[in-house]
Amino acid sequence: RAGDHSSVQEQIRQLLEATNETRSEASKLSRALGSSKGGGNWGEVALRRCVEIAGLTEHCDFETQTMFLNAENQSVRPDMTVRLPHGRVIFVDAKAPKEAFDQAMAEPDESSRAELLKAHSRNVRRHVEDLSRRKYQSIDENSIDFTVLFMPSDQWLSSALATDPALFEISLGKKVILASPTLLIPVLRVVSSAWNVERAEDNARRTLKIGQELYDRFVKVFDDVEGVGKA
């Protein structure tokens, strides 16, 4: 019994050490995601996952972190450039602020949480205004006339809209579309379908052209054979 008791105590000690280590690592992860750089990286990873789910291919259908000059000759770098058929493009930003939202989710007091969610809405609105000033649409004359602000969490977006119901309309007025994965993935699916149709039509045009060339060559061969027969 003494041996069993000692063994149980050792296992409890190891379990406590593992728990403390897990808590420490979770705290580090929380701080990393809470930072603006970590939050931006998380948004970029989630955005890439969305385009992959939609069936788009990098360097063909979209590009990431490409540097451009806008109409005011300022250097800008959208997080993603989604290419559409006929040369059209959509620019996507994935760096929406999340610090106040994270603090609100960890806040046990209801009134403090409500104030933090209001701060989250104000931060999102401020980022929309900043994004509007970058004028991504002026980069390319074939650009769709709006920029997508991607939020990697549906709750992240819904909380901002619930606290500030006018936020979506104000964003539209500034030519910025707020989008979470639930909204963005279907849109990207449409883009992927459009590319599939475009490629099918292109293959059909190439097949028709090759068929016409083959027909013209057969006609020439038959004409030559007929000439040989007459000779």
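Select S180 first and display its surroundings: leaving out residues up to four places away in sequence, S180 touches F150, M151, S153, D154 and L157. The model on screen is a predicted one, and the tour starts in the loop between β7 and α7 (181–230), which is where S180 lies. Is S180 buried or exposed? With a relative accessibility of 5%, below the 20% under which a residue is called buried, S180 counts as buried. Now add L149 to the selection and draw the C-alpha to C-alpha distance to S180, which comes to 8.5 Å although 31 residues separate the two in sequence.

From S180, step back to strand β7, residues 176–179. In a regular strand the side chains alternate between the two faces of the sheet. Colour V176 and L178 in one shade and I177 and A179 in another, since the first pair is on one side of β7 and the second pair on the other; all four are buried, and both faces of the strand are thus covered. Just ahead of this strand, in the loop between α6 (167–173) and β7, is K175. What is the phi of K175? Its value is near 65°, which is positive in a residue other than glycine. K175 is partly exposed, because its relative accessibility of 37% falls between the limits of 20% and 50%.

Next, select strand β6, residues 143–150, which pairs with β7 in the parallel sense over four bridges. Two positions help to fix the register in the viewer: T147 stands opposite V176 in β7, and L149, already selected for its distance to S180, stands opposite L178. β6 is itself mostly covered, with six of its eight residues buried. The loop that leads from α4 (110–134) to β6 holds K135, another non-glycine residue with a positive phi, here near 55°. K135 has a relative accessible area of 36% and is therefore partly exposed.

Continue to strand β5, residues 89–93, which is joined to β6 by a parallel pairing of four bridges. Here V89 is the residue to pick, as it stands opposite S143 in β6 and is also the residue in β5 that R83 stands opposite. The pairing of β4 and β5 is antiparallel, again over four bridges. Which residue in the turn of the β4–β5 hairpin has a positive phi? Zoom in on H86, whose phi is about 65°; the hairpin has five residues between its strands.

With β4 (residues 80–83) still in view, add strand β1 (residues 62–64), which runs antiparallel to β4 and is joined to it by three bridges. To check the alignment of this pair, select F62 and V82, which stand opposite each other.

Leave the strands now and go to helix α4, where V124 lies. V124 is buried, because its relative accessibility is 0%. Show its contacts beyond four places in sequence, and P97, M151, A160 and L167 should appear around V124; M151 is also among the residues touched by S180. A further pair worth marking is V124 and D164, which are 40 residues apart in sequence and 10.0 Å apart from C-alpha to C-alpha.

Finally, zoom out to the whole chain. The secondary structure comprises seven helices and seven strands, in the order α-α-β-β-β-β-β-α-α-β-α-α-β-α from the N terminus. Turn the C-alpha trace along its principal axes, and the spans to expect are about 115 × 60 × 30 Å. The radius of gyration is 28 Å, whereas a compact globule of 231 residues would have one near 17 Å. Of the contacts with a separation of 6 or more, 63% are between residues 24 or more positions apart.

Switch on the surface as a last view: its accessible area is about 14,400 Å², and carbon and sulfur atoms account for 56% of it. Buried residues form 33% of the 231 in the protein. If the charged side chains are coloured by sign, there are 31 positive and 35 negative ones, and the centres of these two sets lie 2 Å apart.

Definitions and conventions
Residues numbered from 1 in each chain as written. Predicted model: local features only at pLDDT ≥ 70, side-chain atom pairs only at ≥ 80, totals over all residues. Heavy atoms only, no water. Rg over C-alpha atoms; globule rule 2.2 N^0.38 Å. Buried < 20%, exposed > 50% of the residue type's maximum accessible area, 1.4 Å probe, protein only. Contact = heavy atoms within 4.5 Å. Areas by Shrake-Rupley, 256 points an atom, 1.4 Å probe, with all protein chains shown as cover. Lys, Arg positive; Asp, Glu negative; His and termini not counted. Charge placed at Lys NZ, Arg CZ, Asp CG, Glu CD. Pairing = 2+ DSSP bridges.
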